[in-house]
Amino acid sequence: MGILGLAKLIGDIAPQAIKENEFKNYFGRKVAVDASMSLYQFLIAVRQEGAQLTSADGETTSHLMGFFYRTIRMVENGIKPVYVFDGKPPQMKSGELEKRTERRNEAQKALDIAVEAGNVEEIDKQSRRLVKVSKTHVEEAQKLLKLMGIPFVTAPCEAEAQCAALQKSGKVYAVATEDMDALTFGTKVLLRHLTFSEARKMPIKEFYLEKVLEALEFTMDEFIDMCILLGCDYCDSIKGIGPKRALDLIRQHRSIETIVEKIDSKKYGVPENWPFKEARRLFKEPEITESDQVELNWTGPDEEGLVKFLVEEKGFAEDRIRNGSKKLQKAKQTSTQVRLDTFFTVKSTTQAKRPAETKKEEKGGKKGRGGGSGYRRGK
């Protein structure tokens, strides 16, 4: 789910924090890609006559086709992707996982009805809702990436958190995912639609965290609290509070603790024993592998290995796989070019101060809170 309604809220309140870009303009960029999200997208999108692509043995191959061709398109455009896979989900996510299971059960019932009625459109719709990424899908995708010479990382927990850590440490330029909680984990540059922008003729949307914070006049802590109010994977939100109300409440009270204390409990249903503090901790201190322990190497493809895996085992056309391998090799040989902006140091802008703080500084010459990134309150 990510963060419910966050993309639209940013678009409405902080449009200056969003920029549209083209695929070709990321030449020379290293990008951490949410692999689990990509797997799900490919299983849904790469289909033929309403069903997933399969090998002669009936094994699903949609995800392999998606990873192979979309990754080649990225590499051909000078992008260096590193795929990050989910590890074990945190215990607090169990509630969200149970809801997903319930939705799949509902979809299965609806599919049975559609099949009996012969409703082709409804069959396709419900079949998509039943798509689930399996351990086999993950293992096969990782095997393919290794043969292609593309690095991947398996996060100890949430892929978005690991992606954010790689971006914040400077290992990659941006994080590519559709889940907006990558921003809540601290990703400074988020790319949406990267893996399918060309296929769907959609522009890539860049979200800049610092510009979001400046526009909202929020600290990072306040932004995280707003995201929890909007609705995240770790706990329920307060019933009756939509995006606009969540924004107003944080602007007025600055923390969930104060909101819970001041809010009209008869009008808004605060969940009993609401674990918002634990959710906050997961966003601020997620379980990750430290970036200095992650080594990223982009190598040439193993063409014969790709042929054995994709052609002999999975039934892909040999000429296409060999052609794809040659494209990867050619891109590897020309990837020594670097972007002009890598020769310059880009200084991070500080977070905008709230009006009251600006007046204090003008009167007393006091420093603004939380210098540097502006993510935390000064004492």
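**Close-up 1. The buried residues of helix 7 in the predicted model**. The residues of helix 7 that count as buried are Ala159, Glu160, Ala161, Gln162, Cys163, Ala164, Ala165, Leu166 and Gln167. Helix 7, which spans residues 159–168, is therefore mostly covered, with nine of its ten residues buried, since a residue is called buried when its relative accessible area is under 20%. The cover over these buried residues includes strand 2 (30–34), strand 5, strand 6 and strand 7 (174–176), together with helix 8 (181–184) and strand 8 (189–192). Glycine 170 follows helix 7, and the phi angle of this glycine is positive, near 90°.

**Close-up 2. The edge-to-face pair of phenylalanine 85 and phenylalanine 152**. A search of the whole structure finds seven aromatic pairs. In the pair of phenylalanine 85 and phenylalanine 152, the ring centres are 5.9 Å apart and the planes stand at 85°, so the pair is classed as edge-to-face, the angle being over the 60 degrees at which that class begins. Phenylalanine 85 belongs to strand 5 (residues 80–85) and phenylalanine 152 to strand 6 (residues 152–154), and the pair thus links distant parts of the chain, 67 residues apart. How exposed or buried is phenylalanine 85? Phenylalanine 85 has a relative accessibility of 0% and counts as buried, whereas phenylalanine 152, with a relative accessible area of 31%, is partly exposed.

**Close-up 3. Tryptophan 274 with phenylalanine 276, and a cluster of rings**. The aromatic pair formed by tryptophan 274 and phenylalanine 276 is tilted, with 5.1 Å from centre to centre and 50° between the planes. Tryptophan 274 and phenylalanine 276 are both buried. Elsewhere, Phe42, Phe67 and Tyr83 are linked into a cluster by ring pairs.

**Close-up 4. The largest nonpolar core, around Phe223 and Met226**. The largest nonpolar core holds 97 residues, and those with the most contacts inside it are Phe223 and Met226. Helix 10 (residues 220–230) gives the most to this core, contributing eight residues. Because domain 1 (1–216) and domain 2 (218–285) both give residues to the core, it lies between them. When neighbours within four places in sequence are left aside, methionine 226 is in contact with Leu6, Leu9, Leu216, Phe218, Ala246, Leu247 and Ile250.

**Close-up 5. Salt bridges within helix 1 and helix 3**. Side chains of opposite charge can pair when their charged atoms come close. In the whole structure the count comes to 17 salt bridges. One of them joins aspartate 12 to lysine 8, with the closest N and O atoms 2.9 Å apart. Aspartate 12 and lysine 8 are four residues apart in helix 1 (residues 6–13), which means that about one helical turn separates them. Lysine 8 counts as exposed at 59% relative accessibility. A salt bridge is also formed by arginine 73 and glutamate 76, whose closest N and O atoms are 3.0 Å apart. These two residues, arginine 73 and glutamate 76, are three residues apart in helix 3 (residues 62–76), and so about one helical turn separates them. Arginine 73 is partly exposed, its relative accessible area being 34%, and glutamate 76 likewise counts as partly exposed, at 36% relative accessibility.

**Close-up 6. Charged residues of helix 14 and helix 15 and the loop between them**. Glutamate 303 and arginine 322 form a salt bridge in which the closest N and O atoms are 2.8 Å apart. Since glutamate 303 lies in helix 14 (residues 303–313) and arginine 322 in helix 15 (residues 318–334), the pair ties together parts that are 19 residues apart in sequence. Arginine 322 counts as partly exposed, at 21% relative accessibility. A network of salt bridges links Glu303, Glu304, Glu318, Arg322 and Lys326. Lysine 314 is placed in the loop between helix 14 and helix 15, and at 6% relative accessibility this lysine counts as buried. The side chains of lysine 314 and glutamate 140 are joined by a polar contact of 2.7 Å.

**Close-up 7. The protein chain as the setting of these views**. The secondary structure of the protein chain comes to 16 helices and nine strands, and 46% of its 379 residues count as buried. Among contacts in the protein chain with a separation of 6 or more, 70% are accounted for by residues 24 or more positions apart.

Definitions and conventions
Residues numbered from 1 in each chain as written. Predicted model: local features only at pLDDT ≥ 70, side-chain atom pairs only at ≥ 80, totals over all residues. Heavy atoms only, no water. Salt bridge = Lys/Arg side-chain N within 4 Å of Asp/Glu carboxyl O. Buried < 20%, exposed > 50% of the residue type's maximum accessible area, 1.4 Å probe, protein only. Polar contact = N/O pair within 3.5 Å; in protein donor to acceptor, adjacent residues only side chain to side chain. Core = buried A, V, L, I, M, F, W, Y, C linked by side-chain atoms within 4.5 Å. Domains from an automatic or database assignment. Contact = heavy atoms within 4.5 Å. Phe/Tyr/Trp six-rings, centres within 6.5 Å; stacked < 30°, edge-to-face > 60°.
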